[in-house]
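Grab a pencil and work through these exercises with the structure open beside you. Try each task yourself before you read its solution.

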Amino acid sequence: MNKRSRHSTGGLLGWERFRLFGRPAVRSASGVGSLFAEEVDDLRPTWPKQPGKQQKQVHFDFQMDDVAEMVKKAEA
């Protein structure tokens with residue numbers, strides 16, 4: 001995941017951004033964390049998926065109390 005994705009994830013959720021094992025990461029107030037790595041030879045996934053092409057590697061679903069408010073925040 002690139003720097004922009006890490007910043008959007010941390011910013012939208014209000015999670016702390018930090019480094020772990022020399023890699024960018026985010027952490028919630030309760031301690032839930034995600035470590036991000038970028039591989040030079042990585043192929044971007046296609047959407048929609050296509051046979052013979054790189055598929056998504058990770059997908060997160062987050063529950064929000066106010067989805068409309070979070071959409072406004074994400075689009076800002």
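Keep in mind that this is a predicted model.

**Exercise 1: The overall layout**

Task: Find how many helices and strands there are in the protein, and the pattern they follow along the sequence.

Solution:
- Step 1. Count the elements: you should get 2 helices and 3 strands.
- Step 2. Now read along the sequence, and the pattern comes out as α-β-β-β-α.
- Step 3. Look at burial too: of the 76 residues in the protein, 14% are buried. Here, buried means under 20% relative accessible area.

**Exercise 2: Pairing the strands**

Task: Work out how β1 and β2 run relative to each other, and how many bridges join them. Then do the same for β2 and β3.

Solution:
- Step 1. Start with β1 and β2: they run antiparallel, joined by 5 bridges.
- Step 2. Check some residues that face each other. Phe18 sits opposite Ala25 in β2, and Arg19 has Pro24 in β2 as its bridge partner.
- Step 3. Move on to β2 and β3, another antiparallel pairing, this time with 3 bridges. Here Arg27 has Gly33 in β3 as its bridge partner.

**Exercise 3: The two turns**

Task: How many residues lie between the strands in the hairpin of β1 and β2, and how many in the hairpin of β2 and β3? Which residue in each has a positive phi?

Solution:
- Step 1. In the hairpin of β1 and β2 there are 2 residues between the strands, and Phe21 takes a positive phi near 55°.
- Step 2. Note what kind of residue that is: Phe21 has its positive phi although Phe21 is a residue other than glycine.
- Step 3. The hairpin of β2 and β3 has 5 residues between its strands, and Gly31 in the turn has a positive phi of about 100°.

**Exercise 4: A salt bridge**

Task: Find the partner of Glu16 in a salt bridge, and explain why the pair ties together parts that are apart in sequence.

Solution:
- Step 1. Recall the idea: side chains of opposite charge can pair when their charged atoms come close.
- Step 2. Apply the cut-off, which asks for a side-chain nitrogen of Lys or Arg within 4 Å of a carboxyl oxygen of Asp or Glu. The count comes to 1 salt bridge.
- Step 3. The partner is Arg27, with the closest N and O atoms 3.1 Å apart. Glu16 belongs to strand β1 (residues 16-20) and Arg27 to strand β2 (residues 23-27), so the pair links parts that are 11 residues apart in sequence.
- Step 4. Check how open the two are: Glu16 is partly exposed at 41% relative accessibility, and Arg27 is partly exposed at 29%.

**Exercise 5: Patches on the surface**

Task: Which residues make the nonpolar surface patch, and which gather in the patch of negative charge?

Solution:
- Step 1. Leu20, Phe21 and Leu35 make a nonpolar patch of about 340 Å².
- Step 2. Place two of its members. Phe21 lies in the loop between β1 and β2 and is exposed, at 74% relative accessibility. Leu35 is in strand β3 and is partly exposed, with a relative accessible area of 45%.
- Step 3. For the negative patch, look for Glu38, Glu39, Asp41 and Asp42 on the surface.
- Step 4. Zoom in on Asp41, in the loop between β3 (33-35) and α2 (67-75). Asp41 has a relative accessible area of 73%, so Asp41 counts as exposed.

Note on methods
Residues are numbered from 1 along each chain as its sequence is written. This is a predicted model: local features need pLDDT of at least 70, side-chain atom pairs count only at pLDDT 80 or more; totals for chains, interfaces and linings use all residues. Side-chain values use heavy atoms; hydrogens and water are left out. Patches are made of residues with over 30% relative accessible area and no salt bridge: like charges are joined within 9 Å, nonpolar side chains (Val, Leu, Ile, Met, Phe, Trp, Tyr) within 5 Å. Accessible areas come from the Shrake-Rupley method with a 1.4 Å probe; for residues, only the protein chains shown count as cover. Lys and Arg count as positive and Asp and Glu as negative; His and the chain ends are not counted. The place of a charge is taken as NZ of Lys, CZ of Arg, CG of Asp or CD of Glu. Helices (H or I, at least four residues) and strands (E, at least two) are DSSP runs, numbered from the N terminus. Buried means under 20% relative accessible area, exposed over 50%, partly exposed in between (1.4 Å probe, protein chains only). Two strands pair if DSSP finds at least two bridges between them.
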